[in-house]
Amino acid sequence: MSAPRQTSGYDNIKLTARRELVERTRRDRSFLISTLVTLAILFAIIFVPRLFGSDDPTEFDVGLVGPASQPLGQVLTAQAEAIDVRINLRQPTSAAAAEAAVRDGDLDLAVIDGRELVAEAEVDEQLNVLVQAASRAVRAQQALQEAGVAQGEIQAALAPPPLPVRSLEPVDEDARSKRTIATVAVFILYGQLIGYCFAVAMGVVEEKSTRVVEVLLAAVRPVQLLAGKIIGIGLVGLLQLAVIGVIGLVLATASGAITLPPDAAPTIG
């Protein structure tokens, strides 16, 4: 009868690593659960803000009461559009009606006869800056008209053309979204690495409590068992990161959060 074939240290490490890979991907539910939870977090980060309209421009409802407040409308909307803010103008019939609308939340701000701003509590800083700037522009225009300055000169003085902007670096319109996704990805990666290190530590000691390690050590050396466990659990971690990375990239691309360059798109044929 022939003697049993002796396995090499490399074979022992490979068998141990394969055992860990199969056990943790096929029979251990924690691998599937952690992968699904991480993908759910990525989905929420990428899509939930868009579902709730976080990319929509800021919107305010402003009431103009009295003839003296009406000139502010055109100036206010023009200034707001320049910074991607939407102003919805309302025409309350009286100051009392405007105050009631502000108190009920129908108006964010009311301009009373061009002399007073009425808000429920503290005025939004951005809205306050826009309304104050529009009021100053209108009052300056009226003062210049009363002084006999021609309309063309008034427009040239109050609305000069904007200064041209020269960027030293290419402007990336998706930079903010990319920074957000990158920041979240770093935290997720950090958490995953800690989890994998913990899994390696637990994988080394868990079998000692069930006395399985005594059977394994009868066939492999402790160094080979340790190396196989580290390699196997490490491959599980790399596989999970690869799956999360690919699906996350597909979700980010589909949502428009990031745009792949044309040469990076896969080609067929």
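Buried, as I shall use the word, means under 20% relative accessible area. With that cut-off in place, good morning, and let me turn to the structure on display, which is a predicted model.

I begin with Gly-248. This glycine has a relative accessible area of 11%, and is therefore classed as buried. Its place in the fold is helix H9, which spans residues 222-255. Which residue lies 7.8 Å from Gly-248 in space, C-alpha to C-alpha? That residue is Phe-43, although 205 residues separate Gly-248 and Phe-43 in sequence.

Let me now place that helix in the overall arrangement. The protein chain contains nine helices and four strands. Reading from the N terminus, the order of elements is α-α-β-α-β-α-β-β-α-α-α-α-α. Of the 269 residues in the protein chain, 25% are buried.

A second buried position is found in a strand. Asp-61 belongs to strand E1, residues 58-65. Why does Asp-61 count as buried? Its relative accessibility is 18%, and the cut-off for a buried residue is under 20%. The side chain of Asp-61 also takes part in a polar contact of 3.0 Å with the side chain of Asn-88.

I move next to helix H5, which covers residues 125-146. Two of its residues deserve comment. Glu-125 is found in this helix, and its relative accessibility of 66% means that it counts as exposed. Gln-142 is also in helix H5, but with a relative accessible area of 35% Gln-142 is partly exposed. The C-alpha atom of Gln-142 is separated by 10.0 Å from that of Pro-71, and the two residues are 71 apart along the chain.

Glu-125 leads us to the surface. Which residues form a negative surface patch together with Glu-125? They are Asp-108, Glu-122 and Asp-124.

There is also a nonpolar surface patch to report. Ile-33, Val-37 and Ile-41 make up this patch, with an area of about 250 Å². One of these residues, Ile-33, sits in helix H2, residues 29-51. Is Ile-33 buried or partly exposed? Ile-33 counts as partly exposed, because its relative accessibility is 49%, while a residue must be over 50% to be called exposed.

To close, I return to the two buried residues discussed: Gly-248 at 11% and Asp-61 at 18%. On the surface, the two patches to keep in view are the negative one that includes Glu-125 and the nonpolar one that includes Ile-33. Thank you for your attention.

Definitions and conventions
Residues numbered from 1 in each chain as written. Predicted model: local features only at pLDDT ≥ 70, side-chain atom pairs only at ≥ 80, totals over all residues. Heavy atoms only, no water. Patch = residues over 30% accessible without salt bridge, like charges linked within 9 Å, V, L, I, M, F, W, Y side chains within 5 Å. Areas by Shrake-Rupley, 256 points an atom, 1.4 Å probe, with all protein chains shown as cover. Salt bridge = Lys/Arg side-chain N within 4 Å of Asp/Glu carboxyl O. Lys, Arg positive; Asp, Glu negative; His and termini not counted. Charge placed at Lys NZ, Arg CZ, Asp CG, Glu CD. Helix = DSSP H or I, 4+ residues; strand = E, 2+ residues; numbered from the N terminus. Buried < 20%, exposed > 50% of the residue type's maximum accessible area, 1.4 Å probe, protein only. Polar contact = N/O pair within 3.5 Å; in protein donor to acceptor, adjacent residues only side chain to side chain.
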